[in-house]
Amino acid sequence: MDSNTHQTPLQQVVIFTDELATQGGWHGEQLKLAFAACGVSSTFASLKDCLLDFSELKPVIRIPQYEGVPQAAFVRGIAGGSMQQITTRLNVLHLLKRLGTFVYNDAHAIERTVDKAMTSFLLLQAGIPTPPTWVCESRQHAHQIIQQHLNHHQQMVIKPLFGSQGQGVRLLNSSIPLPLPMDSFVDGVFYLQAFVEATHDYRVFVMSREAKLAMRRTGDNWLHNVALGAKCERIVDHDVLDIATQAAIALDMAYCGVDVIRHKTGELQVLEINSIPAWRGLQSVCDVNVAELLVKDVLHQFNRTTFSA
Ligand SMILES: Nc1ncnc2c1ncn2[C@@H]1O[C@H](COP(=O)(O)OP(=O)(O)O)[C@@H](O)[C@H]1O
Ligand SMILES: [Mg+2]
């Protein structure tokens with residue numbers, strides 16, 4: 001581990017955001033205030049502006065407005081881009097961790113969850129209930145699976161593998177003409193899931209393997225994303241908190257936002273895990289300051305990895 005990083009209490013943090021034009025936006029501002037209240041100064045930077053400098057004897061990651069290797073980095077956003085651009089942005093996080101930076105969430109955790117197929121696999125492997133899911137590139141396979149479900153009057157959901165905020169998530173029912181209009185539905189990969197009929201779903205914030213806050217989200221239709229206008233209500237249902245905690249542990253997340261839905265049989269199922277969750281909706285129904293909880297957790301995990309070594 002590099003000598004200039006994990007030796008002293010946390011004093012400075014880099015907040016990676018793709019909202020530099022607005023000083024990190026609402027979430028960035030909340031984090032900056034919460035870090036400042038703990039005596040930690042923060043610098044906003046975009047992963048796409050970093051320079052990997054491998055021209056000297058030791059590798060250097062150059063972060064705009066920041067000198068040296070940061071003690072900690074909070075990942076609030078990764079701008080979308082080509083496969084190569086995203087790989088390079090994640091590499092900044094991978095390499096910072098190797099240089100001794102405490103990265104919250106680290107690149108491996110982001111990779112495990114940004115890819116919905118990997119999440120489904122890890123949940124299933126860990127025995128955590130999640131809706132039946134199929135992932136393939138073959139249009140023929142996809143159509144067979146969809147047709148079989150529709151023949152049994154079972155609806156399906158198709159999602160972008162790397163999507164978020166409900167964008168591109170579509171319901172497949174008998175009104176959908178097959179073959180699917182491939183290009184407008186998917187980007188070369190079919191992520192198909194059994195549809196769970198529900199009037200709402202849940203979002204749970206888990207930090208350090210503990211479910212801290214949760215809300216019920218009720219959308220205008222079957223999509224219950226806050227970004228699409230879902231109504232939020234705070235909940236404390238233990239079964240919802242429990243399954244979210246198990247999911248966070250199974251995916252080995254420093255912190256995360258877990259989406260949970262209740263099947264009509266009563267069984268709870270995990271839909272997905274978010275490694276860069278927004279919390280504006282959650283904050284609107286909570287007395288406790290969410291950014292302060294996150295910052296406390298960063299300090300806790302930073303100190304644990306720093307001083308227990
Ligand atoms: N299998 C499903 N059955 C019923 N509703 C679903 C299913 N999958 C997703 N949804 C609805 O769509 C929303 C978005 O899906 P999700 O998997 O969380 O992707 P995103 O990353 O876009 O939030 C969920 O919050 C839920 O309301
Ligand atoms: Mg979601």
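Modeller: Let's fix one term: a residue is buried if 20 or more other C-beta atoms (placed from the backbone) lie within 10 Å of its own, exposed if 12 or fewer, and partly exposed in between. This is a predicted model, where local features need pLDDT of at least 70, side-chain atom pairs count only at pLDDT 80 or more, and totals for chains, interfaces and linings use all residues. Residues are numbered from 1 along each chain as written, while chains are lettered from A and ligands numbered from 1 in the order written.

Colleague: So is Ala-227 buried, exposed or partly exposed?

Modeller: Ala-227 sits in the loop between strand E12 (210-218) and strand E13 (231-234); strands are DSSP E runs of at least two residues, numbered from the N terminus. It has 13 other C-beta atoms within 10 Å, so it's partly exposed.

Colleague: Which residues does Ala-227 contact, its neighbours within four places in sequence aside?

Modeller: Gly-281 is 54 residues away in sequence and 8.7 Å away in space, C-alpha to C-alpha. Contact here means C-beta atoms within 7 Å. By that rule, the partners of Ala-227 are Gln-165 and Gly-166.

Colleague: Between which domains does ligand 1 lie, and why?

Modeller: The shell around ligand 1 has 21 residues, with Ser-164 and His-224 among the closest; the cut-off is a C-beta atom within 6 Å of the molecule. The chain splits into domain 1 (12-104), domain 2 (112-129 + 198-292) and domain 3 (133-194), with bounds from an automatic or database assignment. Ligand 1 lies between the two domains that both give residues to its shell: domain 2 and domain 3.

Colleague: How far apart are the C-alpha centres of domain 1 and domain 2?

Modeller: These two domains touch, with 10 residues of domain 1 and 8 residues of domain 2 in the contact. Their C-alpha centres are separated by 25 Å.

Definitions and conventions
Helices (H or I, at least four residues) and strands (E, at least two) are DSSP runs, numbered from the N terminus.
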